[in-house]
Amino acid sequence: MIYFKLQKFQKDAIDNALDYLIDSLDDEDKRKFTFQLDTLESRDARTREK
């Protein structure tokens, strides 16, 4: 039970840190980051389909 709480806390901490990082980027860097993230997610989805 403690493991799952720790895992959720770590995920929340990473989500918050990533949100802070993204918010601190200028518009062009946000666009590049979003493009890279979308590309990786689509590749991941295609890999899971195989």
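1. A salt bridge, as the term is used in this note, is a side-chain nitrogen of Lys or Arg within 4 Å of a carboxyl oxygen of Asp or Glu. In this predicted model, the side chains of Asp15 and Lys11 meet that description, with a distance of 2.9 Å from N to O. The two residues are 4 apart in helix H1, which means that about one helical turn separates Asp15 from Lys11. Asp15 is partly exposed, its relative accessible area being 31%, whereas Lys11, at 52%, counts as exposed.

2. Before going further into the pairs, it helps to look at the whole chain. The chain has 2 helices and 0 strands. Its radius of gyration is 15 Å, well over the 10 Å that the globule rule gives for 50 residues, and the chain is therefore more spread out than a compact globule. Taken along the principal axes, the box filled by the C-alpha atoms is roughly 40 × 35 × 5 Å.

3. How much of the chain counts as buried? Of the 50 residues, the share is 0%, where buried means a relative accessible area under 20%. The surface that the chain exposes comes to about 5,000 Å², and carbon and sulfur atoms supply 59% of that area.

4. The charged side chains deserve a point of their own. There are 10 positive and 12 negative side chains in the chain, and the centres of these two sets lie 6 Å apart. By the rule given in the opening point, the count of salt bridges comes to 4, among them the pair of Asp15 and Lys11 already described.

5. Helix H1, which covers residues 2-24, also holds Asp12 and Lys8. The side chains of Asp12 and Lys8 meet in a salt bridge, at 3.0 Å from N to O. Because Asp12 and Lys8 are 4 residues apart in helix H1, they are separated by about one helical turn. As for their surroundings, Asp12 is partly exposed at 32% relative accessibility, while Lys8 is exposed, with a relative accessible area of 53%.

6. Which residue forms a salt bridge with Asp44? The partner is Arg48, and the closest N and O atoms of this pair are 3.2 Å apart. Asp44 and Arg48 belong to helix H2, which covers residues 27-49, and they are 4 residues apart there, so about one helical turn lies between them. Asp44 counts as partly exposed, at 35% relative accessibility, and Arg48, at 67%, counts as exposed.

7. Two uncharged residues can be examined in a similar way, beginning with Ile14, whose place is in helix H1. Is Ile14 buried or exposed? At 56% relative accessibility, Ile14 counts as exposed, since the word applies to values over 50%. The C-alpha atoms of Ile14 and Ser42 are separated by 21 Å, and these residues are 28 apart along the chain.

8. Leu37, in turn, is found in helix H2. With a relative accessible area of 36%, Leu37 is partly exposed. Between the C-alpha atoms of Leu37 and Glu49, which are 12 residues apart along the chain, the separation is 19 Å.

9. To draw the points together, a reader may keep in mind a chain of 2 helices and 0 strands, in which 0% of the residues count as buried. Salt bridges join Asp12 with Lys8, Asp15 with Lys11, and Asp44 with Arg48.

Definitions and conventions: Residues are numbered from 1 along each chain as its sequence is written. This is a predicted model: local features need pLDDT of at least 70, side-chain atom pairs count only at pLDDT 80 or more; totals for chains, interfaces and linings use all residues. Side-chain values use heavy atoms; hydrogens and water are left out. The radius of gyration is taken over C-alpha atoms; the globule rule is 2.2 Å times the number of residues to the power 0.38. Buried means under 20% relative accessible area, exposed over 50%, partly exposed in between (1.4 Å probe, protein chains only). Accessible areas come from the Shrake-Rupley method with a 1.4 Å probe; for residues, only the protein chains shown count as cover. Lys and Arg count as positive and Asp and Glu as negative; His and the chain ends are not counted. The place of a charge is taken as NZ of Lys, CZ of Arg, CG of Asp or CD of Glu.
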